[in-house]
Amino acid sequence: MCKFKELTDEELVEKIREGETICMDALIERYKRQVRNQARALYLIGGDSDDLIQEGMLGLFKAIRDYRPEKEVSFEAFAKLCISRQMYSAIQAAGRQKHAPLNTYVELSDQLDAQEDSPQGKSPEELLIDRENIEGLQEEIWKPLSAMEKKILHFYLEGESYTEIASRLNKTPKSIDNALQRIRRKLKKILTK
């Protein structure tokens with residue numbers, strides 16, 4: 001039996017790979033609060049925080065699947081990165097124009113009146129206002145960033161690793177990490193206004 005409270009994240013991942021599925025539950029339990037907190041701080045067009053929580057959990061599963069201890073990075077750092085990337089990818093995908101028909105659909109059914117009264121059945125006008133609010137927020141997010149920070153954030157949101165971004169911009173991975181920390185602080189100030 002896996003005594004998961006005494007084990008590190010890395011040890012739990014190893015036990016999961018050895019077939020101890022109860023350790024998967026333990027690891028998910030450890031990161032559940034973090035996924036919820038991150039989802040609460042973000043907004044998904046046409047979705048809700050539960051959708052983002054699901055995306056975050058997918059990111060956690062990918063972290064468990066892809067984690068390599070020989071890369072000399074903690075599982076916690078790797079998991080946070082995978083969770084963030086999965087959520088940001090979902091947000092970017094939801095905002096793309098190719099998804100506009102899905103995000104602005106109007107259901108043609110006998111239950112249309114009942115849905116319009118519920119908070120989940122938003123009208124196309126409300127969705128358009130939501131989209132405009134998101135676009136305004138995106139503009140606010142980009143304003144305080146330097147040109148280099150904008151490039152780094154763009155590559156990061158595209159799913160590139162610190163080392164990939166560093167080699168692309170001829171910087172060290174540590175300088176990329178520092179830049180991302182600055183970006184997070186700036187974004188936190190904007191989002192807490």
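**Exercise 1. One face of a helix**

Which residues in helix α1 (residues 9-17) are buried? Work out how they sit around the axis.

*Solution.* Keep in mind that you're working with a predicted model.
- Step 1: go through α1 and pick out the buried positions, which are Asp9, Leu12, Val13 and Ile16.
- Step 2: look down the axis of α1; the buried residues fall within an arc of 100 degrees, so they line one face of the helix.
- Step 3: recall the general geometry. An α-helix has 3.6 residues a turn, so residues three or four places apart point the same way.
- Step 4: check what comes after the helix. α1 is followed by Gly19, and the phi of Gly19 is positive, near 105 degrees.

**Exercise 2. Sorting out the rings**

Find the aromatic pairs in the whole structure and classify the ones that involve Tyr67.

*Solution.* A pair of aromatic rings is described by the distance of the centres and the angle of the planes.
- Step 1: run the search over the whole structure, and four aromatic pairs turn up.
- Step 2: take Tyr67 with Phe75. Their centres are 5.4 Å apart with 85 degrees between the planes, and the pair is edge-to-face. Both Tyr67 and Phe75 are buried.
- Step 3: now try Tyr67 with Phe78. Here the centres lie 5.9 Å apart and the planes make 50 degrees, so this pair is tilted.
- Step 4: place this tilted pair on the chain. Tyr67 lies in the loop between α3 (49-66) and α4 (75-95), while Phe78 belongs to helix α4, 11 residues away.
- Step 5: put a number on the burial. Tyr67 has 3% relative accessibility and therefore counts as buried, as the cut-off is under 20%.
- Step 6: join the pairs up, and you get a cluster of Tyr31, Tyr67, Phe75 and Phe78.

**Exercise 3. Positive phi without glycine**

Where are Glu72 and Asn170 found, and are they buried or exposed?

*Solution.* Most residues other than glycine have a negative phi, and most peptide bonds are trans. That's the background for two residues worth a look.
- Step 1: read the phi of Glu72, which is positive, near 60 degrees, in a residue other than glycine.
- Step 2: locate Glu72 in the loop between α3 and α4. With 75% relative accessibility, Glu72 counts as exposed.
- Step 3: do likewise for Asn170, which is not a glycine but has a positive phi of about 60 degrees.
- Step 4: locate Asn170 in the loop between α9 (162-169) and α10 (173-191). Its relative accessibility is 72%, so Asn170 counts as exposed, the cut-off being over 50%.

**Exercise 4. The surroundings of Leu153**

Which residues is Leu153 in contact with, leaving aside its neighbours within four places in sequence?

*Solution.*
- Step 1: find Leu153 in helix α8 (residues 147-157). Its relative accessible area is 8%, so Leu153 is buried.
- Step 2: skip the neighbours within four places, and the contacts are Trp142, Leu145 and Ile183.
- Step 3: compare sequence with space for another residue. Ile176 is 23 residues from Leu153 along the chain, and their C-alpha atoms are 9.6 Å apart.

**Exercise 5. The whole chain**

How many helices and strands are there in the chain? Add the overall numbers on burial, contacts and surface.

*Solution.*
- Step 1: count the elements, and you get 10 helices and zero strands.
- Step 2: of the 193 residues in the chain, 34% are buried.
- Step 3: take the contacts with a separation of 6 or more; 54% of them come from residues 24 or more positions apart.
- Step 4: finish with the surface. The chain exposes about 12700 Å², with 52% of that supplied by carbon and sulfur atoms.

Notes. Residues numbered from 1 in each chain as written. Predicted model: local features only at pLDDT ≥ 70, side-chain atom pairs only at ≥ 80, totals over all residues. Heavy atoms only, no water. Buried < 20%, exposed > 50% of the residue type's maximum accessible area, 1.4 Å probe, protein only. Helix = DSSP H or I, 4+ residues; strand = E, 2+ residues; numbered from the N terminus. Arc of directions from axis to C-beta. Phe/Tyr/Trp six-rings, centres within 6.5 Å; stacked < 30°, edge-to-face > 60°. Contact = heavy atoms within 4.5 Å. Areas by Shrake-Rupley, 256 points an atom, 1.4 Å probe, with all protein chains shown as cover.
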